[in-house]
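I opened my notebook to look up how one chain is put together. Here are my entries, in the order I wrote them.

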Amino acid sequence: MATPGGGGGGGTPGVGGVTNITGDGQVVKEGNFSLPLVVEVKDATGKLVAGATVTWAVTQGGGRFSEGQQGDTQDRRTTITDSMGRAQNRLLAPVLGFGETFNQTVMTASTADSSVTLYSTTYLA
């Protein structure tokens with residue numbers, strides 16, 4: 001479950017936290033990169049936060065991120081928000097296993113205080 005400003009589609013305008021801007025709900029061919037996943041970080045007063053660390057994590061379904069510093073596993077990376085309070089990444093969709101025709105990947109983008117959940121569906125090539 002997302003915390004302030006979170007939730008797979010967006011958050012409440014003016015409330016601090018991490019909010020999805022674009023990229024949630026993509027359908028991606030296996031083994032290919034998604035379009036950019038973009039989140040925005042605001043403080044408790046609703047002001048954009050530049051220089052915030054955003055941790056991207058795959059929590060279910062497989063795949064890995066293409067941008068940022070690698071964390072403790074292949075499916076965890078960190079990026080820094082730009083001057084507009086935005087951070088982005090791209091998901092490399094997993095290769096499906098034998099007999100699978102699709103897969104749902106669940107991801108989070110989080111700061112120390114907040115997170116948002118994003119989803120992507122991978123389909124068979």
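**Notebook: strands and their partners**

I began with one pair: strand 1 and strand 3 are joined by five bridges and run antiparallel. Within this pair, I found Asn20 opposite Val39 of strand 3.

Before going on, I noted that this is a predicted model. I looked up the confidence: the pLDDT averages 88 over the chain, and 88% of the residues score at least 70. Residues 1-14 are another matter, with a pLDDT below 50, although this stretch has 35 contacts in the model beyond near neighbours in sequence. My reminder to myself: where pLDDT is low, the predicted coordinates should not be read in detail.

**The whole chain**

Which elements does the chain have? I counted zero helices and 11 strands. I also looked up how much is hidden: of the 125 residues, 41% count as buried. The chain exposes about 6400 Å², and carbon and sulfur atoms supply 53% of that area. For contacts with a separation of 6 or more, I noted that 58% are between residues 24 or more positions apart.

**The sheet of three strands**

Back to my opening pair: it belongs to an open sheet of three strands with the order 1-3-8 and antiparallel pairing. Strand 1 (17-22) and strand 8 (86-89) each have a single partner strand, so one side of each has no neighbour in the sheet. I also noted the turn between neighbouring strands here, which is 30 degrees on average, direction ignored.

**The sheet of six strands**

In what order do the six strands of the other open sheet stand? I wrote down 2-11-10-4-7-6, with mixed pairing. At the edges are strand 2 and strand 6 (69-70), each pairing on one side only.

I walked through this sheet from strand 2. Strand 2 (residues 26-29) pairs with strand 11 in the parallel sense over four bridges, and Gln26 has Ser120 of strand 11 as its bridge partner. Strand 11 also pairs with strand 10, in the antiparallel sense and over nine bridges. There I found Met107 with Leu118 of strand 11 as its bridge partner. Strand 10 and strand 11 form a hairpin, with four residues between them.

Then I went to the other edge. Strand 6 and strand 7 (residues 76-80) run antiparallel and are joined by two bridges. Gln70 stands opposite Arg77 of strand 7.

**The core, and Val54**

Next I looked for the largest nonpolar core, and it has 15 residues. Among those with the most contacts inside it are Leu37, Val39, Val54, Trp56 and Met107. Strand 3 (37-42), strand 4, strand 10 (102-110) and strand 11 (115-123) each supply at least two residues of this core. A background note I added: in soluble globular proteins, nonpolar side chains tend to be buried together.

I picked Val54 for a closer look, and found it in strand 4 (residues 53-60). Is Val54 buried or exposed? Val54 counts as buried, because its relative accessible area is 0%, and buried means under 20%. Leaving out residues up to four places away in sequence, Val54 touches several others, including Val39, Val41, Arg77, Ala87 and Ala109. Arg77 caught my eye: Val54 and Arg77 are 23 residues apart in sequence, with 8.4 Å between their C-alpha atoms. Val39 came up again too, since I had met it opposite Asn20 in my first entry.

Terms used:
Residues numbered from 1 in each chain as written. Predicted model: local features only at pLDDT ≥ 70, side-chain atom pairs only at ≥ 80, totals over all residues. Heavy atoms only, no water. Buried < 20%, exposed > 50% of the residue type's maximum accessible area, 1.4 Å probe, protein only. Contact = heavy atoms within 4.5 Å. pLDDT = per-residue confidence, 0-100. Areas by Shrake-Rupley, 256 points an atom, 1.4 Å probe, with all protein chains shown as cover. Core = buried A, V, L, I, M, F, W, Y, C linked by side-chain atoms within 4.5 Å. Pairing = 2+ DSSP bridges. Axes fitted to C-alpha atoms, helices over the stretch in contact; angles between N-to-C directions.
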